[in-house]
Amino acid sequence: MGKVIPGRLLMGRYELGKLLGKGSFAKVYLARNVETGEEAAIKIMDKGHLARSGAVQQQVMREIDIMRRVRHPNVVRIHEVMATKRSIFVVMEYVGGGSLDAYLAHRAAGRGLAEPSARRVFHQLVSALDYCHSLGVYHRDIKPDNILVDGAGKIKVADFGLSALVDADRREAPLHTVCGTPMFIAPEVFLRRGYDGAKADVWACGVVLFALAAGRFPFNQKDTSLYHLIRRGEYHCPPWFSPGLARLIRRLLCPDPARRIAMAQIKENPWFRKGYKEIPRSLSEPEQRGSDSDSDDDSPVARGYRSRMHTSVSAPSLTTLGCAAGSAPRIRRPKSLNAFDIIASSPSLNLTGLFEEPGEQMRFVSAAPVPEIIAKLEEIAGHVSFTARTKEYQVSIGGNGNRGALLVSAKVFELTPELVMLKVCKKAGDTAEYRQFCDNELKPGLRGFVDGLPEDGGEPIACN
């Protein structure tokens with residue numbers, strides 16, 4: 001990772017401040033948006049370093065994918081993702097109060113928080129995780145270190161790097177990956193026989209609630225038989241726990257997941273319900289797209305998450321071009337596309353283009369009129385006796401090459417009224433054949449129409 005100098009302006013928009021933390025693959029800096037004055041935390045990762053570790057690369061991809069889905073007041077929000085040739089920048093909400101672990105160390109005074117205060121924190125934790133579970137997201141590493149506290153005392157769940165994301169039709173299937181921090185891992189996870197992600201999170205919530213109210217953990221983490229203590233549920237509640245709290249703890253830390261309390265039952269528990277206010281759905285659910293949708297197979301995230309996210313190469317709002325049959329080209333009703341749409345352009349997040357060398361897809365920027373770009377693509381196809389099928393602003397180019405059939409898709413998107421983006425990708429066929437077509441026909445033919453194609457025929461600047 002290149003040296004990052006505090007005070008420098010990142011992407012012309014963020015002024016970097018002090019280093020907040022660092023790990024093996026990333027550094028996190030405090031930053032200020034010079035346009036809005038809003039503080040943010042920016043995680044900076046080196047692409048090359050990530051590419052050398054496939055497991056970490058997948059973890060980063062999964063974490064960003066999950067964070068873009070979860071829009072809840074008690075979950076750290078991701079604002080945008082940007083990239084340069086060497087680095088990836090993930091801009092997140094800055095939570096200035098530090099971790100819940102540090103908060104407890106300074107305020108618990110050896111006996112934990114007073115029950116009303118512990119309950120208020122637990123309300124927020126349950127609200128956040130219940131919402132995550134409704135989306136098929138299971139955190140799997142809930143602990144005070146991964147819960148941040150802002151200046152007003154509101155918590156924010158962070159660090160989704162070990163989370164599982166499960167499709168709606170597979171949520172009944174057990175998870176199998178053993179992960180997390182031993183003190184907070186549910187006993188069934190250790191058994192490696194499959195487990196319910198929601199019930200595992202409930203167990204971790206029980207450990208956190210115990211720590212909030214007791215000022216210590218239920219199980220002695222220095223004990224060599226920690227696993228056996230967890231498996232048998234051997235712990236002792238302090239005498240100052242109210243009967244209602246002690247009963248709830250017993251149901252949360254029940255070693256048998258089938259008998260353990262569920263999230264919906266927690267919200268009905270008498271101790272929990274004191275002072276609890278359900279967060280309005282409008283504040284916790286992602287904004288839905290309009291009714292218009294693009295049926296093309298590389299249309300972005302049809303399940304619809306709308307945000308202010310954008311990349312360094314995009315406008316905040318990117319719209320798809322379209323036209324009615326027999327009419328002049330017109331722009332469809334604007335459809336919000338975020339950073340992940342531009343980076344991935346697929347139904348699920350795929351950051352491969354940020355880690356790998358240019359391969360099976362390219363993007364170019366052009367100020368040329370769209371009809372001229374379409375005509376040029378059709379002309380390029382004719383040069384090699386390929387067929388070109390044009391539907392609205394997508395051209396499908398297909399034919400037989402030296403290594404068999406090849407199908408290439410070229411689609412035009414609007415960036416601004418004056419600029420468009422041309423996305424080219426291989427749909428089927430041999431990769432070497434595709435690259436030969438791009439190098440020998442497509443790039444020479446587009447030179448003069450799109451930016452990023454040097455006269456010497458080198459790689460396009462906007463290729464990823």
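Trainee: What makes the link between the side chains of Gln394 and Ser409 a polar contact?

Mentor: In this predicted model, the side chains of Gln394 and Ser409 are joined at 3.1 Å, and a polar contact requires a pair of N or O atoms within 3.5 Å, so the value meets that cut-off. Gln394 itself belongs to strand E15, which covers residues 394-401.

Trainee: Why is Gln394 called buried or exposed?

Mentor: The relative accessible area of Gln394 is 13%, and buried means under 20%, so the word that applies to Gln394 is buried.

Trainee: How many aromatic pairs does a search of the whole structure find?

Mentor: The search finds nine aromatic pairs, and one of them is formed by Phe184 and Phe217.

Trainee: Why is the pair of Phe184 and Phe217 called edge-to-face?

Mentor: A pair of aromatic rings is described by the distance of the centres and the angle of the planes. For Phe184 and Phe217 the centres are 5.4 Å apart and the planes stand at 90 degrees; rings pair if their centres lie within 6.5 Å, and planes over 60 degrees apart count as edge-to-face, so both conditions are met. Phe184 lies in the loop between strand E10 and helix H5, and Phe217 in the loop between helix H6 and helix H7, so this pair ties together parts that are 33 residues apart in sequence.

Trainee: How do you know whether Phe184 is buried or exposed, and what is Phe217 called?

Mentor: Phe184 has a relative accessibility of 9%, which is set against the limit of under 20% for buried, so Phe184 counts as buried. Phe217, at 23%, is called partly exposed, because that term covers values between the 20% limit for buried and the 50% limit for exposed.

Trainee: What makes the pair of Phe386 and Phe437 stacked?

Mentor: The planes of Phe386 and Phe437 are 20 degrees apart, with 5.8 Å from centre to centre, and planes under 30 degrees apart count as stacked, so the name follows from the angle. This pair links distant parts of the chain, with Phe386 in the loop between helix H14 and strand E14 and Phe437 in helix H15, 51 residues apart. Both of these residues are buried.

Trainee: How do you know that the charged end of Arg111 sits over the ring of Trp240?

Mentor: The charged end of Arg111 is 4.0 Å from the centre of the Trp240 ring, and the distance cut-off is within 6 Å, so the distance fits; the definition also asks for a position within 35 degrees of the ring normal. The charged end of Arg119 likewise sits over the ring of Trp271, 4.6 Å from its centre.

Methods:
Residues are numbered from 1 along each chain as its sequence is written. This is a predicted model: local features need pLDDT of at least 70, side-chain atom pairs count only at pLDDT 80 or more; totals for chains, interfaces and linings use all residues. Side-chain values use heavy atoms; hydrogens and water are left out. Helices (H or I, at least four residues) and strands (E, at least two) are DSSP runs, numbered from the N terminus. Buried means under 20% relative accessible area, exposed over 50%, partly exposed in between (1.4 Å probe, protein chains only). A polar contact is a pair of N or O atoms within 3.5 Å; within protein, one must be able to donate a hydrogen and the other to accept it, and residues adjacent in sequence count only if both atoms are side-chain atoms. Rings of Phe, Tyr and Trp (its six-membered ring) pair if their centres lie within 6.5 Å; planes under 30 degrees apart count as stacked, over 60 as edge-to-face and the rest as tilted.
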